[in-house]
Amino acid sequence: MLTAVVLVLLVKTFAITSCTIPSTGMENSLYQGERVLVNKWSYGFRVPFSTGRWLTKLAGKGDVVLFNNPNPRSLQTAVGRRELFISRVIGIPGDTLMLNDELLVTGEQVLSPDSKSLYDYPYTEEEVMQDVMRRLNIQDNRLVGYADGKYIRTFSHYEYYLLKQSLAGKVDLAPVYREDMGKSHPFVIPAKGKPVNVYPWNVMLLCNTIVRHEGKLANVKGDTLYVGGKPVETYTFDKDYYWMASNNPVNLCDSRLFGLVPHDHLIGKTWRIWFSSRKERVFQQVQ
């Protein structure tokens, strides 16, 4: 009997753990009350009572992951003792996601902040556009076309953001391929050792991540990020991060609530359902 207990504890500590789905956030992949097995070696084994890992590897896009709450009431609470969440990875380190003001992923083409797209505006507003481009120091933007009474130019997403702010609705500047791009912005998911540019739309997310998980003092004034009291235009992160999403957009137990999730908060990939009130789902692999 004692041997069996010891074996169970060893398996739970070093190989597989179980957890109960607490909410409706992952329906129809997982239902509230179901119990799942989690492979603790999926991303490298996290050493007990620490955030160090053996044989570490990155999570994959689409994985349904068990992880510790990255934004607890007290940051002094050890990572391993924090609340548990289950969500799906939709952004891995180095990815760029198009997120709207509610931090929901949109159906738009994924762009880097500096990639160019085509925009048009009425040709009668050319003088106004030229004046604003001069004031914003946007150079080398030659006309690339003319159609239906509108001039066409190329701007980066960031240049478009600056122009829209300065024009304040005076000129109808819009994407040629209209998917309402003005309501979404590109967010780069930080990867260890790679600089991330600071923009007005990501500055608060970056600041919160630096304070919570990088252990440095940071604050925001206007649209400027200060780290250690100094303004920065880029920041190089010491960890890999993920963007998590619930299946149910109404359920906020995902990155819209707690922001970026560091790799060291991951426990493992959910594997199989071992208990469910829906008998046909027992022993199914989690998709």
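Two strands count as paired if DSSP finds at least two bridges between them. The views below come from a predicted model.

**View 1. Seven strands build an open sheet.** The strand order is E1-E2-E20-E5-E6-E18-E19. Pairing in this sheet is antiparallel. Strands E1 (16-20) and E19 (261-262) stand at the edges. Each has a single partner strand, so one side of each is left without a neighbour in the sheet. Strands of a sheet pair through backbone hydrogen bonds.

**View 2. Strand E1 pairs with strand E2 at one edge of the sheet.** E2 spans residues 35-39. Five bridges join E1 and E2, in the antiparallel sense. Within this pairing, Cys19 stands opposite Val36 of E2.

**View 3. His213 is a buried residue of helix H4.** Helix H4 covers residues 203-213. The relative accessibility of His213 is 7%. Buried means under 20%, so His213 falls in that class. Which residues does His213 contact, leaving aside its neighbours within four places in sequence? They are Pro70, Lys239, Tyr241, Leu260, Pro262 and His265. Of these contacts, Pro262 belongs to edge strand E19 (261-262).

**View 4. Trp41, Trp54 and Leu55 form a nonpolar surface patch.** Together, the three residues have about 360 Å² of accessible area. Trp54 sits in strand E4, which runs over residues 53-54. Is Trp54 buried or exposed? Its relative accessibility is 43%, so Trp54 counts as partly exposed. That class lies between the buried limit of 20% and the exposed limit of 50%.

How values were computed: Residues numbered from 1 in each chain as written. Predicted model: local features only at pLDDT ≥ 70, side-chain atom pairs only at ≥ 80, totals over all residues. Heavy atoms only, no water. Helix = DSSP H or I, 4+ residues; strand = E, 2+ residues; numbered from the N terminus. Buried < 20%, exposed > 50% of the residue type's maximum accessible area, 1.4 Å probe, protein only. Contact = heavy atoms within 4.5 Å. Patch = residues over 30% accessible without salt bridge, like charges linked within 9 Å, V, L, I, M, F, W, Y side chains within 5 Å. Areas by Shrake-Rupley, 256 points an atom, 1.4 Å probe, with all protein chains shown as cover. Salt bridge = Lys/Arg side-chain N within 4 Å of Asp/Glu carboxyl O.
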